Structure formats: C-alpha cells, structure tokens
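Open the model in your viewer and keep the selection box handy. We will go from stop to stop, and at each one you will hear what to select and what to look for.

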Amino acid sequence: MNLLHVDTISETRKKLAAYCERIAPAIEICGLIEAAGRVLAADCYSAENIPPYRRSTVDGYAVRSKDLGAAGDMTPSILRVTGEVVLGTDPGDVTVTAGNCVYVPTGGAVPDGADAVVMVEYCELFGGSMLAVSKSAAPGENVVQVGEDVRMGDLLVRRGRTLRPQDVGALAAAGISMVPVYTPWRVTVISTGDELVPPDEAPGPGQIRDINSYTVAARSAAEGFQVVRTVLVRDDREALLQALTAAKADSDVVVLSGGSSQGKKDMSAELVGLAADSGVLTHGIAAKPGKPTITGFDGESGTLFIGLPGHPAAALMVYEQVLIRLWRDLTEQPEERTVRARITTTLQSAAGRRTFQLVKLTDGEAGELPAAAPVLARSGMIAPMSAADGYFEMSENQEGVKAGDTVCVHLWK
Ligand code: AMP
Ligand code: MG
C-alpha cells in the first residue's frame, strides 16, 4: 500500500455504506425514559387531539364573553354563578347560559356555552352566588381549543431526531409510551504505539501518554455508542491481530489508532486487511488532517474497521468525518447545524484535499456575524483542539478563504 491512491471522505463513506444492510444499526422498542437521548427510528404521529377538550389556562370563571360587554373597574358586570367544574372530571351537564358563569380551575374543561374564562383576580363573589366581574373578555381568552397543541394526525417527532426532553414530552402527551430507536453501535478502541503509556503512568524517555483511546471513546459515548473496551497494544503484529480478531466477537465497530501510515512499524493496513474479509477498502483519504486512514468491513461478523492516524487531532477529525457521519447517514439524522461566522484571517487550503480548520468564535458587533479566528495546530498537538470551539471545511477544489469571508462552523459536541 503506497498511499498514492486516496479516496475522498465521501467515497470512503460510500464504500462502507455499500455494506449498508450489514452495518445498518438494529432497531429496538423501548420506553420513553430509556429512549431519551437516542435516535428515533420511525416518524411518530399523534392519533389524538391535544388537548382533547377545551381547557382553561387559569383559575377563573367560564363566561359568555358577550355577557361582559365593556366591563371595567368602575363598571363591573354582574353574573350568577351556577356551578363548578371539578378538575379531572367531565363537566357533564354543567353549561353556561346567558347571564351565568361557572367556576373552572386551571386545566379544567371549559363547559359548553362559555367561550372565555375570566381570572379570579378580576372577580368578586357576593351574596352567595353572585359575581362582580371587573374586566371584559375576548372570545377564546384563557381557553386552549381542542387540538390547538397537536391535531390528530400531526407529525409529532421525525425519524432521525435524537430525542430531547421536549420530544419525549410530546410523545407522552399523545399517549405514545413505547418508541422504536436505533441500537447504538458497540465500539472497541485499540491504540497501538510502543511509545504510548496510559494516563496514570509517568512516561519514560521517548514515551508519551495515550490520548486517542480517550478522545475516540469519549466521542463515541457522546454519540450514544456503547464503548465495549479500550485497549493499548504494543506495535506487535501477533498481539494486534489478536486484539482485532477478539474485538469482532462483541463489537460493531473496531477502531485502530496509530500505525496507519508507512513507517517501519506501521502494520495497521495489513492487519485490517487480515481481520476484515472485505480486505482494505480505503487506505488514504484526501483530507487534512487525516490522510493515513484505513477502512474495512468483516461480513462474517458484521464488524466495521477503521484505522485512524496516530496524530490526535487527525484521529478525532477522521473519526468524526467518516464514522460518526456514516452513523448519522444510516440513522437518517438531519444535517448537522452549523454557525455562520466571518473568518478573521486569509488561509490557504491543502490542494486536492478537504481541509479542516480549527477556529475559536467570538461574538460579532451588533448585527454582525460572529468572528472565527483560526486556531493553529502543528501535527500531534491536542491542546489547540481543546481550545477550539469547532472547525470549518474547505472543499477539495477550494484554494482557501480570504479574511472576511463567511464560513460555516461546526461546533464540537
Ligand atoms: P503513527 O500513526 O503510529 O505513526 O503515529 C503518529 C504520531 O501520533 C506519532 O507521533 C505517535 O506517537 C502519535 N500517536 C499515535 N497514537 C497515539 C495515541 N493513542 N495518543 C497520542 N498520540 C499518539
Ligand atoms: Mg505508531
């Protein structure tokens, strides 16, 4: 493998997606609390009107608005109180007729005949059952109409939505207590490098701490994936092949970080080729950072392999662009939201490669877009990535951006 032929990022995803049926996440049915934070797998419609009855938004008296005329502080209207609606019950025979009114608590059903509710604050009871009302009411005032919140047949939540609290609330309101959601991928992260030690060990001469196991596992968890394990393995052919093969048994995705280029000890491409029965699908992508990237798919176990560059910023960016975006495509999630901003500096992109530029955002002047200042990072650095709010992309055939150009910034999760 000589890294002379590289795929674009979308070609890389397309080659993997060709195995779509095998890598498509399963769907499971679960209760709403468990479903929160997961990706909905089917459109959900309401079979009911919400609210199902006309509902008062205040504690007050249900009235016919025309009976109040121009009632005010000095000129109250006088009505007779003929009944009371009890919360959680059908008002039944209770109706409001000319010159009369009925007490309704907040959330209670507004009885037939009434078209508005006047808040108790504007009402004064006297003589047992008479009411002085010191305010007029418009038709519909303080009343939520049947189906005003949700109409029967309305789409409540679309497939591909990561269920937020308000979404599970809407489903609960419509009586949908079980929903189909995608089963998250199970991910094993294997980091390789003779120079790597875990964060709780002091590195010896020429050693550094393992970063990628942590960034990739954390990014996976943020997407809702199940991190099966992270393992740190020496640049040892047998040990690596064994780790890759073992991971096939209980993982949908096996991430191998490091060793993806052409150095003396780089054997990730060869090993992915052995572990995945597809062989190596992609070795090398037209991206900066992120060129040395490997993919493969093992049909027998249904496992997707991705070999990431060792440089931490490149590893995380490639994971985002290839694996996370593939998951989002397969689960029909909408395009990620971006923030438009003005780039503060003229920048060149890498010719023929999709270039990802880290930026930090600051608020713009009133009416102006936010400013995006490039965060410059040399290969292998991690802190600039941590300092950045996100990144923007320059396409393969774009030469760069000029100071003042508008760019679309993807914010970090
Ligand atoms: P490699 O792809 O193995 O040639 O690694 C490229 C660079 O990334 C080297 O400087 C490695 O030390 C560094 N590197 C590789 N893996 C990791 C890791 N898990 N955490 C931090 N740095 C790494
Ligand atoms: Mg290495």
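## Stop 1: a loop residue, S136

Select S136 and display what surrounds it: leaving out residues up to four places away in sequence, S136 touches L68, G69, A70, A71 and E141, where a contact means heavy atoms within 4.5 Å. Before going on, please note that this is a predicted model, in which local features need pLDDT of at least 70 and side-chain atom pairs count only at pLDDT 80 or more, while totals for chains, interfaces and linings use all residues. Residues are numbered from 1 along each chain as its sequence is written, chains are lettered from A and ligands numbered from 1 in the order in which they are written, and side-chain values use heavy atoms, with hydrogens and water left out.

S136 lies in the loop between strand 9 and strand 10. Helices (H or I, at least four residues) and strands (E, at least two) are DSSP runs, numbered from the N terminus. With a relative accessible area of 31%, S136 is partly exposed; buried means under 20% relative accessible area, exposed over 50%, and partly exposed in between (1.4 Å probe, protein chains only).

Now add N212 to the selection and draw a distance line. The C-alpha atoms of S136 and N212 are separated by 67 Å, with the two positions 76 residues apart along the chain.

## Stop 2: along the loop to V144

Stay in the loop between strand 9 (130-133) and strand 10 and pick N142. Its phi is near 60°, a positive value in a residue other than glycine. Most residues other than glycine have a negative phi, and most peptide bonds are trans.

Next select V144, in strand 10 (residues 143-144). V144 counts as partly exposed because its relative accessibility is 23%. Neighbours within four places in sequence aside, V144 is in contact with P51, Y53, R54, R55 and T57. For another distance line, choose A109: its C-alpha atom is 9.8 Å from that of V144, and the two residues are 35 apart along the chain.

One of those contacts of V144 is P51, so turn to P51 now. P51 lies in the loop between strand 2 (44-45) and strand 3 (55-56). Check the peptide bond from I50 to P51: this bond is cis, with omega near -5°.## Stop 3: ligand 1

What surrounds ligand 1, and which residues are closest? Ligand 1 has 16 residues around it, the closest being E195, D210, I211, G259 and G310; a residue counts as near a molecule if one of its heavy atoms lies within 4 Å of it.

Show the polar contacts next, meaning pairs of N or O atoms within 3.5 Å; within protein, one must be able to donate a hydrogen and the other to accept it, and residues adjacent in sequence count only if both atoms are side-chain atoms.

- D210: a polar side-chain atom lies 2.8 Å from a nitrogen atom of ligand 1.
- I211: a backbone N or O atom lies 2.8 Å from a nitrogen atom of ligand 1.
- G310: a polar backbone atom is 3.2 Å from an oxygen atom of ligand 1.

On its own, ligand 1 has 480 Å² of accessible area, and the protein covers 79% of that.

## Stop 4: helix 6

Select residues 212-222 to bring up helix 6, whose buried residues are N212, S213, T215, V216, A217, R219 and S220. These buried residues pack against strand 13 (186-192), strand 16 (226-233), strand 17 (253-257), strand 21 (303-308) and helix 9 (312-330). After helix 6 comes G224, with a positive phi near 95°.

## Stop 5: E332 and E393

Move to E332, in the loop between helix 9 and strand 22 (338-343). E332 is not a glycine, yet its phi is positive, about 55°. E332 is partly exposed, with a relative accessible area of 41%.

Then find E393 in strand 26 (residues 390-394). Its side chain makes a polar contact with the side chain of R354 at 2.4 Å. Not counting residues up to four places away in sequence, E393 touches Q321, R325, R354, T355, F356, Q398 and H410.

## Stop 6: T12 and P289

Buried or exposed: which is T12? T12, in helix 1 (residues 9-17), is buried, with a relative accessible area of 0%. A polar atom of the T12 side chain lies 2.7 Å from the backbone oxygen of T8. Beyond four places in sequence, T12 touches D7, T282, I285, T295 and V322.

Finish at P289, in the loop between strand 19 (287-288) and strand 20 (294-298). The peptide bond joining K288 and P289 is cis, with omega about 0°.

Methods:
Areas by Shrake-Rupley, 256 points an atom, 1.4 Å probe, with all protein chains shown as cover.
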